[in-house]
Protein chains: 2
Amino acid sequence: MGVTKTEIFTDEQNRIADLAKAFAHPARVAILQLLAQKKACVCGDLVDELPLAQATVSQHLKELKRIGIIQGEINPPRVCYCINETVWEEARHVFGSAFDTYVATTRCC
Amino acid sequence: MGVTKTEIFTDEQNRIADLAKAFAHPARVAILQLLAQKKACVCGDLVDELPLAQATVSQHLKELKRIGIIQGEINPPRVCYCINETVWEEARHVFGSAFDTYVATTRCC
DNA sequence: TTTGATTATCGTATTATTACGATATAAGTT
DNA sequence: AACTTATATCGTAATAATACGATAATCAAA
């Protein structure tokens, strides 16, 4: 994609961008909704609910794990996935703050 | 990127993903922060504040406009950009709801 | 009408993302 | 040890995103 120059932005800006990426694909939104609502944590359950190949789901789970918003507990041959509450609250706070920075004032357009 | 199968997801899931994309790049986060805090709407001002080429900033602005979270009023040779309050509130609501779906309960991991 | 100022678009190189089949891995079970 | 089950990773094709220089477009002013 062309080199995103992460070094020229603040840590906060890069973190927001990363957290937003968790929600920036409908499949990941679906996964997060499932994990947030139920506690259906097993990967196979997610594969059943999503019309995507097992490899694709696993790849999305890996990305969500990288961001930190989900965690997995290995219990072979299964892996139990769930929301990481700490990061979930971090995201809630980060986005909440971001939206609150909007100053309602007369704009030029 | 491989064809994202938008048709297999709900409208809501696709909308969340799209709104998240607005924040999924640090440059766009920076632009949104600037527009939300100040009312420095002119494209040139943004180019001055960001260490990116004018063409790159314009491209990010186009993407934000596509999502709808910003709007631009043409006033040649300038364009005045600002937050679209309606979509901003939509995003606040959509993410707020998403985070509230988390059911705090005993998880398996 | 030409110039100047500002922004958009084009062209394009580079890199990231998405998807899926195939295969590897891991640990319990027989 | 061989088999089964569930998940991860590899390989790879297709496509989207990022960045920037160059150029076009737009309208006011000279």
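Accessible areas here come from the Shrake-Rupley method with a 1.4 Å probe. On that footing, the accessible surface of chain A in this predicted model comes to about 5600 Å², and 52% of it belongs to carbon and sulfur atoms. Of the 109 residues in chain A, 46% count as buried. As for charge, chain A carries 12 positive and 13 negative side chains, and the centres of these two sets sit 4 Å apart.

What is chain A built from? It has five helices and two strands. Walking along the sequence, the pattern reads α-α-α-α-β-β-α, so four helices come before the pair of strands and one helix follows them. The radius of gyration of chain A is 17 Å, while the globule rule gives 13 Å for 109 residues; the chain is therefore more spread out than a compact globule. Along its principal axes, the C-alpha trace spans about 55 × 35 × 25 Å. Looking at contacts in chain A between residues at least 6 apart in sequence, 51% of them join residues at least 24 apart.

Next comes the partner chain. Chain A can be laid on chain B with an RMSD of 0.0 Å, using a turn of 180° and a shift of 0.0 Å along the axis. This is the relation of a two-fold axis. Which C-alpha of chain A comes nearest to that axis? It is the one of A:A20, at 2.6 Å. The same surface serves both copies, as 100% of the contact residues of chain A recur in chain B.

One residue that reaches across to the other chain is A:L50, which is in contact with B:F9. A:L50 lies in the loop between α3 and α4 of chain A. Is this leucine buried or exposed? With a relative accessibility of 7%, A:L50 counts as buried, because the cut-off for that label is under 20%. Within its own chain, and setting aside neighbours within four places in sequence, A:L50 is in contact with A:A30, A:I31 and A:V57. A:A30 is 20 residues away from A:L50 along the chain, and their C-alpha atoms are separated by 8.1 Å.

A:I31 turns up again in the surroundings of a histidine. A:H60 sits in helix α4, which covers residues 54-67 of chain A, and at 10% relative accessibility it counts as buried. Not counting residues up to four places away in sequence, A:H60 touches A:H25, A:A27, A:R28, A:I31 and A:L52.

The end of that same helix, α4 (residues 54-67), comes into the picture with A:D18. This aspartate is found in helix α1 (residues 11-22) of chain A. Beyond residues up to four places away in sequence, A:D18 touches A:R66 and A:I67. Its relative accessibility is 16%, so A:D18 counts as buried.

Another aspartate, A:D45, gives a contrasting picture. A:D45 lies in helix α3 (residues 43-49) of chain A and is partly exposed, with a relative accessible area of 34%. A:D45 and A:A17 are 28 residues apart in sequence, and C-alpha to C-alpha they are 29 Å apart in space.

Now for the strands. A:R78 is found in strand β2 of chain A, and at 55% relative accessibility it counts as exposed. Leaving aside neighbours within four places in sequence, the contacts of A:R78 are A:V42 and A:E73. A:R78 also has a sequence-distant companion in A:G44: the two are 34 residues apart in sequence and 8.1 Å apart in space, C-alpha to C-alpha.

Just before A:R78 comes the loop between β1 (70-75) and β2 (78-83), where A:P77 lies. What kind of peptide bond runs from A:P76 to A:P77? That bond is cis, with omega near 0°. Most peptide bonds are trans. Chain B has its own cis bond, from B:P76 to B:P77, again with omega near 0°. B:P77 is likewise found in the loop between β1 (70-75) and β2 (78-83), this time of chain B.

Definitions and conventions:
Residues numbered from 1 in each chain as written. Chains lettered and ligands numbered in written order. Predicted model: local features only at pLDDT ≥ 70, side-chain atom pairs only at ≥ 80, totals over all residues. Heavy atoms only, no water. Rg over C-alpha atoms; globule rule 2.2 N^0.38 Å. Buried < 20%, exposed > 50% of the residue type's maximum accessible area, 1.4 Å probe, protein only. Contact = heavy atoms within 4.5 Å. Lys, Arg positive; Asp, Glu negative; His and termini not counted. Charge placed at Lys NZ, Arg CZ, Asp CG, Glu CD. Least-squares fit on C-alpha atoms with pLDDT ≥ 70 in both.
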